[in-house]
Amino acid sequence: MSNSRPRPRRGAGSGARAAGRDELVSRSLQSAEHCMRAQDFGTAYAHYLLVLSLAPELKDDVKETFQYTLFRWAEELDALSRTQDLLGCYEQALELFPDDEVICNSMGEHLFRMGFRDEAAGYFHKAVKLNPDFSDAKENFYRVANWLVERWHFIMLNDTKRNTIYNAAIQKAVCLGSKSVLDIGAGTGILSMFAKRAGAHSVYACELSQTMYELACDVVAANKMEAGIKLLHMKSLEIEVPKHIPERVSLVVTETVDAGLFGEGIVESLIHAWEHLLLQPKTKGENGNCGKYGKVIPASAVIFGMAVECAEIRRHHRVGIKDIAGICLPTNVKFQSPTYSSVDTEETVEPYTTEKMSRIPGGYLALTECFEIMTVDFNNIQELKSLATRKPDKIGVPVTKEGILDAIVVWFVLQLDDEHSLCTSPGEESCWEQAVYPVHDLADYWIKPGDHVMMEVSCQDCYLRVQNISVFSSEYEMDVGQSSTKNKDLLSLGNEADLCSALANLQTSKPDAVEQTCVLESTEIALLNNIPYHEAFKMAMRKVLSSLTPEKLCQAVDAHCQDSEMSCGSGQNDSEQSASEPFYVLDVSEGFSVLPIIAGTLGQVKPYSSVEKDQHRITLDLISEANHFPKETLEFWLRHVEDESAVLQRPKSDKLWSIIILDVIEPSGLIQQEIMEKAAISRCLLQSGGKIFPQYVLMFGLLVESQTLVEENAVQGTARTLGLNIAPFINQFQVPIRAFLDLSSLPCIPLSKPVELLRLDLMTPYLNTSNREVKVHICKSGQVTAIPFWYHMHLDDEIRLDTSSEVSHWKQAAVVLDNPIQVEMGEELVLHVQHHKSNVSITVKH
């Protein structure tokens, strides 16, 4: 019977060619298998490529082996830094298997490690689309989605008030004649669409992020405006007339402002726009069609500030203790957070952090009235140019309440035009956070009415800087008055300079040569301030070492034929223990840690730290010296291992660790990646009776109703975006888990009591379950929208740390449900909890 499918006629030699091909395929397969056994993955990969190009029908048969070969060969190429060859191999593989989610995910992982986040996310996203149940790809995509589409996009798009006011200002400008519009930093393109909908003839929009540019293209097309809005994938500073846009525009709209107003480069981009992209501005008193003149929305801004007391800011930015579990912190070591900035430094580090002050745990106390810091006119190019060059302004503010000076909190009023404005103050319900400038380096932080808080403000490196914050105490008023030739009011401009310099003389001392400045992340400073954490580790380590000591001392007794009833439970140094090998303690927790020094106080211990930064090592050495440790007591483990990825290995070829300290939970509230694999290796490296810390971790959660979490996780329909269809496109980048939460101040209604969701046991893995069903009793009727979770970290059965405590340096996280679930008091809900690698998924079973 002939084939129903037509096929080309073969010549006489076609059978021979087919046989030759089959022979070549067979030999190549044999050679590939031989190379695999010899671990020559590069040659094996080449053979498999040949097989698949000659015999595509074998794809399904060799797929798994081909994948394994590809991944092993890619690892070798990565180790040799042969980046182009590595990417070439993946491109070849994806030509053969374009719909293979495993290869897509692996390609994404390599790209992510190389720093290509946008491209990596594209592959992770494709892998999840190909297989929505592929856990590895889902976890990778969730982690990278937060970088690509930052969570504030969702919050901002859900802010109806902000959208309405921007829309009204743009509509007014277009109606008055500004018919050609450029949207700088377009994001999803919402402002461009407002302009087009208002009747603008020509709308151009530029966006630098590849992900956001592609997203904007989809959004604009879905709203049927692609013909009227030209999207440019570039920085506004690179736009040229007529190369990219045909002529200068009459209106620039932008929201490239951060909590500190200038941090997204609005000054630089508007100077460039006025010079190259905008029509000339209208001069005062001039009338006529607005379309003939250039204009910017927002038109101007006024920046405000307020001095506050806030324990939460303090514990994240100042080390407020001198003793940590018996370890003295020497005066020549000075800790600083990254926000610290001095006038003399040329750092371009963001000089502030951001907080939603209305939701900061523990609240805050205003110590001054709010005061004006600066005004800026975005329609005045001379003023914009002078911002970066003018000398800092000196400001003095009277103190109205007694308290601890922890920070200057900053916000602004964005004047879109003479009628429409947006305020980002802590008292406003808006999508905005406030900029926070923590106070450092005061001799005394306690202030009272009659004092004045002094500061210098400027716009340097495109950042608003509030620097040289100091206090002029009323007690010094007489002295300063006598030494000053000016006798004006305390807050007059001339006297501010005198007061600032007087205070600088009073409170500033030049550091001597041995002083070490150590810059720590805010979570690392909060950890240093966490006394229960260090006390718990000290107690748990002492218990383990004490339990091991009798065994060691008995060996020493046998060797020296001494009395077997000697005291051996204290773990302190003595001559018998000195003669024996020390206990080896390895701390591989992330970042700066003083736990190895604490371990060194517990007897004959050889502690190893895995800190990477030189300044951290110098600081730990200085702390060791100040606590009278011999210089060689503390070792830096990374100096002993060739490869940082192989940090978990024996201390010596014939020795094992007594204690290994692992970081199980990230400061964000998520489980560390590959923690169970690290625990498995660590168990093999422990001496008999040795322990991993923590020994096990219990994950707790509860059901809550929280509109805040819903709105921060996804754009809610079209009403919030004034009828524009944006939600389905940006919501592709929503993630089910929201990290970096403060559960104590999260606006939510608890609908259940806390329940244990999961156990991660690092010492006894057979107690772990990757799948678990948990019954939760409903104690209040409502809508379940999220499941916040946190951990109890058990150093042993008696000593535990709670990551939700008010002194914790850890934040919490929450699973946000796609759809709310209505529950009634007295019901039970069943949660299905899955743990895969470092990813935890929680779903509700109906």
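**Exercise 1. In which loop is the place of Asp-441?**

Solution. The model examined here is predicted. Step one is to locate the residue: Asp-441 sits in the loop between strand E17 (434–438) and strand E18 (446–447). Step two is to inspect the backbone: Asp-441 is not a glycine, yet its phi is positive, at about 65 degrees. Step three concerns exposure. Asp-441 has a relative accessible area of 37%; buried means under 20% and exposed over 50%, so Asp-441 counts as partly exposed.

**Exercise 2. Determine where Asn-468 lies and describe its backbone and exposure.**

Solution. Asn-468 belongs to strand E20, which covers residues 463–472. Its phi is near 50 degrees, a positive value in a residue other than glycine. The relative accessible area of Asn-468 is 39%, and Asn-468 is therefore partly exposed.

**Exercise 3. Describe the open sheet of 5 strands, beginning with its strand order.**

Solution. First, read the order: E3-E2-E1-E4-E5, with parallel pairing. Next, find the edges. Strand E3 (229–232) and strand E5 (295–297) each pair on one side only, and these are the edge strands. Then consider the twist: neighbouring strands of this sheet are turned by 20 degrees against each other on average, direction ignored. Finally, examine one pair in detail. Strand E2 (residues 202–206) pairs with E3 in the parallel sense, over 4 bridges. Within this pairing, Cys-206 has Leu-232 in E3 as its bridge partner.

**Exercise 4. Classify the packing of helix H3 against helix H5 and list the residues that meet.**

Solution. Begin with the geometry. Helix H3 (residues 59–79) and helix H5 (residues 101–113) have axes 11 Å apart and pack at an angle of about 10 degrees. Angles under 35 degrees count as roughly parallel, and H3 and H5 are therefore roughly parallel to each other. Now turn to the contact. From H3, the participants are Phe-66, Gln-67, Leu-70, Phe-71, Ala-74 and Asp-78. From H5, they are Val-102, Ile-103, Ser-106, His-110 and Arg-113. By character, the contact residues divide into 6 nonpolar, 3 polar and 2 charged.

**Exercise 5. Which residues have the most contacts inside the largest nonpolar core?**

Solution. The largest nonpolar core has 146 residues. Those with the most contacts inside it are Phe-66, Leu-261, Phe-262, Phe-378, Ile-408, Leu-414 and Met-455. Phe-66 also takes part in the contact of H3 with H5. Leu-414 can be followed further: leaving aside residues up to four places away in sequence, Leu-414 touches Tyr-166, Val-257, Leu-261, Pro-298, Ser-300, Ala-301, Phe-378, His-420, Ser-421 and Leu-422. A second, separate core has 95 residues, including Val-585, Leu-638, Leu-648 and Leu-758.

**Exercise 6. Locate the cis peptide bonds before Pro-242 and Pro-694.**

Solution. Take Pro-242 to begin with. The peptide bond from Val-241 to Pro-242 is cis, with omega near 5 degrees, and Pro-242 falls in the loop between E3 and strand E4 (251–254). For Pro-694, the cis bond joins Phe-693 to the proline, and omega is about -5 degrees. Pro-694 is placed in the loop between strand E26 (686–693) and strand E27 (696–701).

**Exercise 7. Summarise the protein as a whole.**

Solution. Count the elements: there are 24 helices and 37 strands. Assess burial: of the 846 residues in the protein, 52% are buried. Assess contact range: among contacts with a separation of 6 or more, 75% are between residues 24 or more positions apart.

Methods: Residues numbered from 1 in each chain as written. Predicted model: local features only at pLDDT ≥ 70, side-chain atom pairs only at ≥ 80, totals over all residues. Heavy atoms only, no water. Pairing = 2+ DSSP bridges. Helix = DSSP H or I, 4+ residues; strand = E, 2+ residues; numbered from the N terminus. Axes fitted to C-alpha atoms, helices over the stretch in contact; angles between N-to-C directions. Parallel < 35°, antiparallel > 145°, perpendicular 65-115°, else oblique. Contact = heavy atoms within 4.5 Å. Nonpolar A, V, L, I, M, F, W, Y, C, P; charged D, E, K, R; others polar. Core = buried A, V, L, I, M, F, W, Y, C linked by side-chain atoms within 4.5 Å. Buried < 20%, exposed > 50% of the residue type's maximum accessible area, 1.4 Å probe, protein only.
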